[in-house]
Amino acid sequence: MKTVCVFDSGVGGLSVLRALLADMPEVRFIYLADSAHAPYGERGADWVRQRSERIVNRLRESFAPDAIVVACNTATALAIDHLRQAHHDLPFIGVEPALKPAALQSRTGQVGVMATRGTLGSERFAALRQRLEHHGQPPVDFHCVACDGLADAIERDDQAAIETLCRRYVGDIMGMAPAGQPVDTLVLGCTHYPFATEPLRASAGPGVRLVETGVPVARRTREVLRLTALSPTRPAQSATLLTTGQPAALAHLAQRWLGLPLQPQTWAC
């Protein structure tokens, strides 16, 4: 059985794990929520790189994975190039804001991007945005907002704060578009944000499409592992949850968001 380790700054990467489990139930997944250090999006680049390196070293020592999924937009933006250089024998799959799919789906050419400050400030994101805005077909304008506090509110499952922040940030994005060309597509550029889908839809309205990254990441992981299509008889899902934070909080959200009665383990890292 193949083993894939998945890590995020906290619980947001469960949105990626959900897609991975649905696509590859024959794979053993180890998920680490680094909740004691969440969120990464408001930390410096050097800190994110050092923390990601420490996590990867520990995961390799403990589980000898066949691949690692960096299920954090900030860690992907700031650390994945370093990880690939330092661990050239191990495949890494990252997550990036789905700008290209959103650009192709938008009818008005006005796309909103919700992400962390770390992701939006990275060279990786800037290069992707510039390439699509200046050379993409069809032409598109990206309206980006750093959603400070939203990942942390989702991490704490604070519904009141989630709703308030969603209204604020969606309102900011909608106000950036030119008159007569409304934002009709919203990129969820942090793996936490798919777990705020309901308040986001309520704030954006029914005509706005939400785009996330879980399914493309699962597809890419299957390609990297060179796994064939699913057999008609799907084996039981296999996932182990680890956290540097409170196991009870992760267990609650795994049951709520994944429908899996898992018992997370505390992990020192």
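**Exercise 1.** On the other side of helix 9 from its buried residues, Glu 198 and Ala 202 are exposed, where exposed means over 50% relative accessible area, buried under 20% and partly exposed in between (1.4 Å probe, protein chains only). Work out which residues of helix 9 are buried.

*Solution.* A word on the model to begin: it is predicted, so local features need pLDDT of at least 70, side-chain atom pairs count only at pLDDT 80 or more, and totals for chains, interfaces and linings use all residues. Residues are numbered from 1 along each chain as its sequence is written, and side-chain values use heavy atoms, without hydrogens and water.

Step 1: find helix 9 at residues 197-204 (helices, H or I, of at least four residues and strands, E, of at least two are DSSP runs, numbered from the N terminus). Its buried residues are Pro 199, Leu 200 and Ala 204.

Step 2: these residues lie on the same side of helix 9, because they cover an arc of only 125° around the axis (taken from the directions from the helix axis to the C-beta atoms).

Step 3: the cover over them includes strand 5 (110-115), helix 8 (159-174), strand 7 (185-188) and strand 8 (209-211), with contact meaning heavy atoms within 4.5 Å.

**Exercise 2.** Find how strand 5 and strand 6 pair.

*Solution.* Step 1: the two strands run in the parallel sense over six bridges (pairing requires that DSSP finds at least two bridges between them).

Step 2: pick out one bridge, in which Gln 110 has Asp 141 of strand 6 as its partner.

Step 3: look at the cover of strand 6 (residues 141-146), where five of its six residues are buried.
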